[in-house]
Amino acid sequence: MRTVWDRVRTWCGKRASDTSASATCALLACALLFVSTARAAEETVGAGDDDRSAAAAQLTESAPLEVRWSVDADSAWNGFAHRVVAVPDLDGDGSPELALSVLAERAVEIRSGRDGALLSRFTGPESFGFELCVVPGGAQGAVALLVAAPMAESGGLVGGRVSLHALPGGERLWSRSGDAPGDRLGSSLALASDDGFVRVSSAGAARLIELATGTDVESDLPLLPWWRDALPIGDVDGDGRADFARSASPASGDTWTRVWSGQAAEASQAGALLHQFTGEGDDSFGWSVAPVGDLDGDGADDLIVGAPGDDHHALDAGAVHVLSGRSGQPLHVLRGSLAEEHLGATVGLLGDINADGRAEIFVTSYLHDNTGSLRTRLSVVTLPESRGTERAVTQDHAPSRL
Ligand SMILES: [Ca+2]
Ligand SMILES: [Ca+2]
Ligand SMILES: [Ca+2]
Ligand SMILES: [Ca+2]
């Protein structure tokens, strides 16, 4: 799939006259290159594991989409749903919510998981919402949201900023700026394996920050290629240790997602390669990946993979694959139906919003507005009837990628 990648560049071109949008575009370009570079390094590290790779799964189609609700971007190219993460219930209706960023508007929105209603919206500096990370006990035991703005300026310097916000209102609890020009603090975020800390990357190094106060515990930590781009995916082989997944760079033209045994935080000592899933043609399989809990009840966590360039029903209609973590076999496949719909550019588990035992996932797609521009649509979709049991929202849900 060339078009999503192209769209990022197209969007950047359209917004080139807008200084802030240009800065955001520069950041997007850097991030994509960063991912490409990291993954190129990973290819070398992981090459020896390929001998143990599983055969590419043969995917089969399942029932039609059951869309619970959808919300469309207010305008084209505004970066709506650049990042989306599930958040535990905030309004007491028993359903989890979603936090999402509208990147070009420097905004974060909290929306009801039940119906998509806007619960709150708060804004920040340039590139606010580039990364999001849910912190379950971040504000005196209440849920908080860590928001990265790696292109934020402070004192005339683009050092980046990371801030913690109480939910649902978004009140700022603390913020941290980068130390030097070009620092880009907040290029990536990941909760540390020890409770109460988050690992925050900047341009040249990473630091460990205490969530309660925002103060550094360690600084000048090395940027480990494995670490910074590995996605915790749950325990897919049932050995009690969290495993992790990575995908081919979107820019490489390759389409694969690999799953390794072991802790993401220890990814420099990666364990065995458990699965290698390969896409078809230019379907961009692996563009997005997320943990989804144990859907089929076999005691091992499963995963969800987006393929927004899937051409099964129409050119670049897109697809979402739900895969068994233990066997690697497909549990469900959801496909887009319209040309350039790009279903699956962002995917993740929301939870069970109507307590019927069937999981709801969130997924983005694109639709053409009446000017011919593309707007992002965020939808919550019920997975087809499964044999499995439902899990709570994954708290350490890592963001998927644009
Ligand atoms: Ca709720
Ligand atoms: Ca494991
Ligand atoms: Ca399972
Ligand atoms: Ca449900």
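Tutor: A residue is buried if 20 or more other C-beta atoms lie within 10 Å of its own, and with that cut-off we can turn to this structure, which is a predicted model.

Student: What makes strand β26 largely enclosed by the rest of the structure?

Tutor: Strand β26 covers residues 374-382, and 7 of its 9 residues are buried, so the strand is largely enclosed by the rest of the structure.

Student: How do you know that β1 and β26 pair?

Tutor: Two strands pair if DSSP finds at least two bridges between them; strand β1 (residues 66-72) and β26 have 6 bridges, in the antiparallel sense, and therefore they satisfy that definition. Within this pairing, S70 has S379 of β26 as its bridge partner.

Student: What joins β25 to β26?

Tutor: Strand β25 (residues 360-368) runs antiparallel to β26 and is joined to it by 9 bridges, with T376 in β26 as the bridge partner of Y366. The hairpin of β25 and β26 has 5 residues between the strands, and in this hairpin G372 takes a positive phi near 90°.

Student: Why are β16 and β19 called edge strands?

Tutor: The open sheet has 4 strands in the order β16-β17-β18-β19, with antiparallel pairing. Its edge strands are β16 (231-234) and β19 (273-278), each of which pairs on one side only. Between β17 (residues 243-247) and β18 (residues 256-260) there are 4 antiparallel bridges, and A245 has V259 as its partner in β18.

Student: Where does pLDDT stay under 50?

Tutor: The mean pLDDT of the protein chain is 79, yet the value stays under 50 over residues 8-62 and is below 50 over residues 387-402. Where pLDDT is low, the predicted coordinates should not be read in detail.

Key
Residues numbered from 1 in each chain as written. Chains lettered and ligands numbered in written order. Predicted model: local features only at pLDDT ≥ 70, side-chain atom pairs only at ≥ 80, totals over all residues. pLDDT = per-residue confidence, 0-100. Contact = placed C-beta atoms within 7 Å. Buried ≥ 20, exposed ≤ 12 C-beta atoms within 10 Å, placed from the backbone. Helix = DSSP H or I, 4+ residues; strand = E, 2+ residues; numbered from the N terminus.
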